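Trainee: May we go through this structure together? I would like to begin with the charged side chains.

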Amino acid sequence: MPHGVASERAIEMGNSEHINPQLLSDCKMLGVYPDATIAELTAAYQLKLDEYSAEKSAELGQELRDLAATRRNELTGAHERLIAAEYS
């Protein structure tokens, strides 16, 4: 995964062709830049995950609970891919 100011500027300017599209999508899902640290990725993941927690969605109808579960799975996948990219 790219690090440094150059990758932040690429995102801000829409010049992101050098960044894996899946990882870019994962960054957007978590609300982080591609050069986020593992601590930043994890903090953003935990914040987003809390928005869709099973406890918060327990009172909702089945369709919304299912949607929240799907979103939690998407967030988990994004977090795992970004962490794996940090170590590759």
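Trainee: Is Lys-56 buried or exposed?

Mentor: Lys-56 is exposed, with a relative accessible area of 51%. Please keep in mind that this is a predicted model.

Trainee: Which side chain does Lys-56 meet in a salt bridge?

Mentor: That of Asp-50, with an N to O distance of 3.1 Å. Asp-50 is partly exposed, at a relative accessible area of 41%.

Trainee: How many salt bridges does the structure hold?

Mentor: The structure holds 3 salt bridges. One of them joins the side chains of Arg-81 and Asp-26, at 2.7 Å from N to O.

Trainee: Which parts does that pair tie together?

Mentor: Arg-81 belongs to helix H5 (residues 62-86) and Asp-26 to helix H2 (residues 21-30), so the salt bridge links parts that are 55 residues apart in sequence.

Trainee: And is Asp-26 buried or exposed?

Mentor: Asp-26 is buried, with a relative accessible area of 0%. Its partner Arg-81 is partly exposed, with a value of 35%.

Trainee: What about Glu-74: which side chain does it meet in a salt bridge?

Mentor: Glu-74 pairs with Arg-71, at 3.3 Å from N to O. These two residues are 3 residues apart in helix H5, which means that about one helical turn separates them.

Trainee: How accessible are they?

Mentor: Both fall in the partly exposed class: Arg-71 has a relative accessible area of 25%, and Glu-74 has 34%.

Trainee: Which residues does Arg-71 touch, leaving out those up to four places away in sequence?

Mentor: With those left out, Arg-71 touches Met-29 and Tyr-52.

Trainee: How many residues apart in sequence are Arg-71 and Tyr-52?

Mentor: They are 19 residues apart in sequence, while their C-alpha atoms are 7.0 Å apart in space.

Trainee: Let us change topic to the nonpolar surface. Which residues make the nonpolar surface patch of about 270 Å²?

Mentor: That patch is made by Leu-60, Leu-64 and Leu-67.

Trainee: Where is Leu-60 found?

Mentor: Leu-60 is in the loop between helix H4 (54-57) and H5.

Trainee: And what is the relative accessible area of Leu-60?

Mentor: Leu-60 has a relative accessible area of 38%, so it counts as partly exposed. Patch residues must have over 30% relative accessible area, and the 38% of Leu-60 meets that condition.

Notes:
Residues are numbered from 1 along each chain as its sequence is written. This is a predicted model: local features need pLDDT of at least 70, side-chain atom pairs count only at pLDDT 80 or more; totals for chains, interfaces and linings use all residues. Side-chain values use heavy atoms; hydrogens and water are left out. A salt bridge is a side-chain nitrogen of Lys or Arg within 4 Å of a carboxyl oxygen of Asp or Glu. Helices (H or I, at least four residues) and strands (E, at least two) are DSSP runs, numbered from the N terminus. Buried means under 20% relative accessible area, exposed over 50%, partly exposed in between (1.4 Å probe, protein chains only). Patches are made of residues with over 30% relative accessible area and no salt bridge: like charges are joined within 9 Å, nonpolar side chains (Val, Leu, Ile, Met, Phe, Trp, Tyr) within 5 Å. Accessible areas come from the Shrake-Rupley method with a 1.4 Å probe; for residues, only the protein chains shown count as cover. Contact means heavy atoms within 4.5 Å.
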